[in-house]
Amino acid sequence: MERPTVHELSLCHAIAGVVKPYAAGRRVDVVRVQVGALRQVVPESLSFCWTLVRDHEDMPEAELELEFVAAEVDCRGCGQHSEITSRWTVCCPQCESSDVEVVRGNEFLVTSLEVT
Ligand SMILES: [Zn+2]
């Protein structure tokens, strides 16, 4: 089992901080979160941290559903628009330039909730 990191834990607290006011005392069943590839989130670690945070925040039924968004860049070197497969580096897969503009991949959003 991967150790939970401060990074994932703080993200889970951020999720709970968004969810709680919306739920307003209702039972939360599902929390859907969009995570960009560049957020460097380890899914297993995030899921584990969520189980800690949701209990602490008094919404033990809330399941976390993660939707990962691939990173995309526009390269200033060669002008290509590309999807990045590596999670850890940002450079153009066509010409390997690091002079790129990140178009997608930094998302971290609660996209929807199911409450009862
Ligand atoms: Zn390029």
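**Figure 1. Ser-82 in strand S4 of the predicted model.** Ser-82 has a relative accessibility of 4% and therefore counts as buried, the cut-off being under 20%. The residue belongs to strand S4, where Ser-82 and Ile-84 make up the covered face. His-81 and Glu-83 form the uncovered face of S4. In a regular strand, side chains alternate between the two faces of the sheet. A polar contact of 3.3 Å links the side chain of Ser-82 with the side chain of Gln-94. With neighbours within four places in sequence set aside, the contacts of Ser-82 are Ala-71, Glu-72, Val-73, Pro-93 and Gln-94.

**Figure 2. The hairpin of strands S3 and S4.** The two strands of the hairpin have 5 residues between them. In the turn, Gly-79 adopts a positive phi of about 80°. S3 and S4 are antiparallel and are joined by 4 bridges. Glu-72 has Glu-83 of S4 as its bridge partner. Glu-83 is on the uncovered face of S4, and Glu-72 is also among the residues in contact with Ser-82.

**Figure 3. The open sheet S4-S3-S5.** This sheet has 3 strands, paired in the antiparallel sense. S4 and S5 are the edge strands, each with a single partner, so one side of each has no neighbour in the sheet. On average, neighbouring strands are turned by 35° against each other, direction ignored. S3 and S5 run antiparallel and are connected by 4 bridges. Asp-74 has its bridge partner in S5, namely Glu-101. On the other pairing, S3 is joined to S4, also over 4 bridges.

**Figure 4. The zinc ion and its four cysteine donors.** The SG atoms of Cys-75, Cys-78, Cys-92 and Cys-95 are the protein donors, lying 2.3 Å from the zinc ion. The angles subtended by the 4 donor atoms run from 107 to 114°, so the arrangement is tetrahedral; the criterion for four donors is that all angles lie between 85 and 135 degrees. Along the sequence, the spacing of the donor residues is C-x2-C-x13-C-x2-C. Cys-75 is in strand S3 (residues 71-75), and Cys-92 is in the loop between strand S4 (81-84) and strand S5 (100-104), so this pair ties together parts that are 17 residues apart in sequence. Cys-75 and Cys-92 are both buried.

**Figure 5. The open sheet S2-S1-S6 and the helices packed on it.** The sheet consists of 3 strands with mixed pairing. Strand S2 (63-69) and strand S6 (108-115) each have a single partner strand and stand at the edges, so one side of each lacks a neighbour in the sheet. Neighbouring strands are turned by 20° against each other on average, direction ignored. Strand S1 (residues 28-36) pairs with S2 in the parallel sense, over 7 bridges. Within this pairing, Arg-32 stands opposite Glu-65 in S2. Helix H1 packs on the sheet and touches S1, S2 and S6, with its direction at about 40° to that of S6. Helix H2 (residues 43-56) also packs on the sheet, touching S1 and S2, and its direction makes about 150° with that of S2.

**Figure 6. Leu-11 in helix H1.** Helix H1 covers residues 6-23 and includes Leu-11. Leu-11 has a relative accessible area of 8%, which means that this residue is buried. Not counting residues up to four places away in sequence, Leu-11 touches Arg-39, Val-41, Leu-46 and Phe-108. Of these, Leu-46 falls in helix H2 (residues 43-56), and Phe-108 falls in strand S6 (108-115). Between the C-alpha atoms of Leu-11 and the zinc donor Cys-75 the distance is 29 Å. These two residues are 64 residues apart along the chain.

**Figure 7. The whole protein, for orientation of the close-ups.** The protein contains 2 helices and 6 strands, which follow one another in the pattern α-β-α-β-β-β-β-β along the sequence. The C-alpha trace spans about 50 × 30 × 15 Å along its principal axes. Of the 116 residues, 36% count as buried, among them Ser-82 and Leu-11. For contacts between residues at least 6 apart in sequence, 74% join residues at least 24 apart.

Terms used. Residues are numbered from 1 along each chain as its sequence is written. This is a predicted model: local features need pLDDT of at least 70, side-chain atom pairs count only at pLDDT 80 or more; totals for chains, interfaces and linings use all residues. Side-chain values use heavy atoms; hydrogens and water are left out. Donors are N, O and S atoms within 2.8 Å of the metal (3.2 Å for Na, K and Ca); water is not among the atoms, so sites may look incomplete. Four donors count as tetrahedral if all angles lie between 85 and 135 degrees; four count as square planar and six as octahedral if opposite donors are over 155 degrees apart and all others between 65 and 115; anything else is irregular. Buried means under 20% relative accessible area, exposed over 50%, partly exposed in between (1.4 Å probe, protein chains only). Two strands pair if DSSP finds at least two bridges between them. Axes are lines fitted to C-alpha atoms, for helices over the stretch in contact, and angles run from 0 to 180 degrees between N-to-C directions. A polar contact is a pair of N or O atoms within 3.5 Å; within protein, one must be able to donate a hydrogen and the other to accept it, and residues adjacent in sequence count only if both atoms are side-chain atoms. Contact means heavy atoms within 4.5 Å.
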